[in-house]
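Trainee: Got a minute to walk through this one with me? I'd like to begin with the pockets.
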Amino acid sequence: MDLAYCGLNCGECAVYLASVRKDTAEQIRLADEYSTDTYKFSKEDMYCLGCHSDTVSPKMCGDCQIRICGMKKSYGSCAECDEFPCSTLRENVDDNSDNMNNLKQLAIKYKKAE
């Protein structure tokens with residue numbers, strides 16, 4: 001399972017899957033689905049190869065504070081951090097979400113390995 005810093009399973013992310021599959025039609029569909037009257041996405045915005053890559057849409061996750069922090073600290077996920085779960089993570093990821101549960105499971109593995 002390829003996890004984003006925030007615990008998102010990239011293999012379950014529609015944008016990631018469309019990007020990996022080079023599925024232009026799906027990227028166009030997703031751009032339309034995610035757009036609102038006040039915020040428009042393009043096909044190019046629906047491109048992501050995971051937050052550990054350099055290919056992340058600025059409109060989607062490029063400015064994500066969780067991602068920025070994880071990259072600065074060179075972690076694979078927030079579960080590796082001594083501050084887990086920090087205030088930035090708690091402000092952006094629901095404590096009972098699949099993302100947080102993924103991170104909690106990883107954190108247990110990291111503690112056992114120490």
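Trainee: What volume does the largest pocket have?
Mentor: About 290 Å³. Keep in mind that this is a predicted model.
Trainee: How many residues line the largest pocket, and which lie nearest its centre?
Mentor: The lining has 17 residues, and A4, L8, C13, C48 and C61 are the ones nearest the centre.
Trainee: Which elements give two or more residues to that lining?
Mentor: Those are α1 (14-20), α3 (58-62) and α4 (65-73).
Trainee: And by class, what's in the lining of the largest pocket?
Mentor: You get 15 nonpolar residues, one polar and one charged. Cysteine goes into the nonpolar class here, so C13, C48 and C61 are counted that way.
Trainee: OK, on to the second largest pocket. How much space lies in there?
Mentor: About 180 Å³. Its lining is made of 14 residues, with C69, K73, C78, C81 and C86 nearest the centre.
Trainee: Which element gives the largest share of that lining?
Mentor: That's α4, with five residues. Both α4 and α5 (87-92) supply at least two.
Trainee: What about the classes in the second largest pocket?
Mentor: Nine residues are nonpolar, three are polar and two are charged. K73, one of the residues nearest the centre, belongs to the charged class, because lysine is counted there.
Trainee: Switching topic: how many aromatic pairs does the count come to?
Mentor: One. The partners are Y39 and F41, with ring centres 5.1 Å apart and planes at 70 degrees.
Trainee: Why does that go down as edge-to-face?
Mentor: Planes over 60 degrees apart count as edge-to-face, and this pair is at 70 degrees, so it qualifies.
Trainee: Are the two rings' residues buried or exposed?
Mentor: F41 is buried, at 16% relative accessible area. Y39 is partly exposed, at 39%.
Trainee: Which residue has its charged end over the ring of Y39?
Mentor: K59 does, and its charged end sits 5.3 Å from the ring centre. So Y39 pairs with F41 and also has the charge of K59 over its ring.
Trainee: Now the backbone. Which peptide bond is cis?
Mentor: The one from F84 to P85, where omega is near -10 degrees. P85 is in the loop between α4 and α5.
Trainee: What is the phi of S74, and where is that residue found?
Mentor: Phi is near 60 degrees, a positive value in a residue other than glycine. S74 is also in the loop between α4 and α5, and at 63% relative accessibility S74 counts as exposed.
Trainee: And what about the phi of K22?
Mentor: K22 has a positive phi too, near 55 degrees, and isn't a glycine either. You'll find K22 in the loop between α1 and α2 (24-34), where K22 is exposed, with a relative accessible area of 71%.
Trainee: Last one: where is N99 found?
Mentor: In helix α6, which covers residues 98-113.
Trainee: Why does N99 count as buried?
Mentor: Buried means under 20% relative accessible area, and N99 comes in at 19%, so N99 makes the cut.
Trainee: Which residues does N99 touch?
Mentor: Leaving out residues up to four places away in sequence, N99 touches C6, G7, L8 and V93. You've met L8 already, as one of the residues nearest the centre of the largest pocket.

Key. Residues are numbered from 1 along each chain as its sequence is written. This is a predicted model: local features need pLDDT of at least 70, side-chain atom pairs count only at pLDDT 80 or more; totals for chains, interfaces and linings use all residues. Side-chain values use heavy atoms; hydrogens and water are left out. On a 1 Å grid over the protein atoms alone, a cavity is a set of points where a 1.4 Å probe fits but cannot get out, and a pocket is an open set with protein on both sides within 12 Å along at least five of seven lines; lining residues have an atom within 4 Å of a point. Grid points are joined across faces, edges and corners, and a volume is the space filled by probe spheres set on the points. Helices (H or I, at least four residues) and strands (E, at least two) are DSSP runs, numbered from the N terminus. Buried means under 20% relative accessible area, exposed over 50%, partly exposed in between (1.4 Å probe, protein chains only). Contact means heavy atoms within 4.5 Å. Rings of Phe, Tyr and Trp (its six-membered ring) pair if their centres lie within 6.5 Å; planes under 30 degrees apart count as stacked, over 60 as edge-to-face and the rest as tilted. A charge sits over a ring if NZ of Lys or CZ of Arg is within 6 Å of the ring centre and within 35 degrees of the ring normal.
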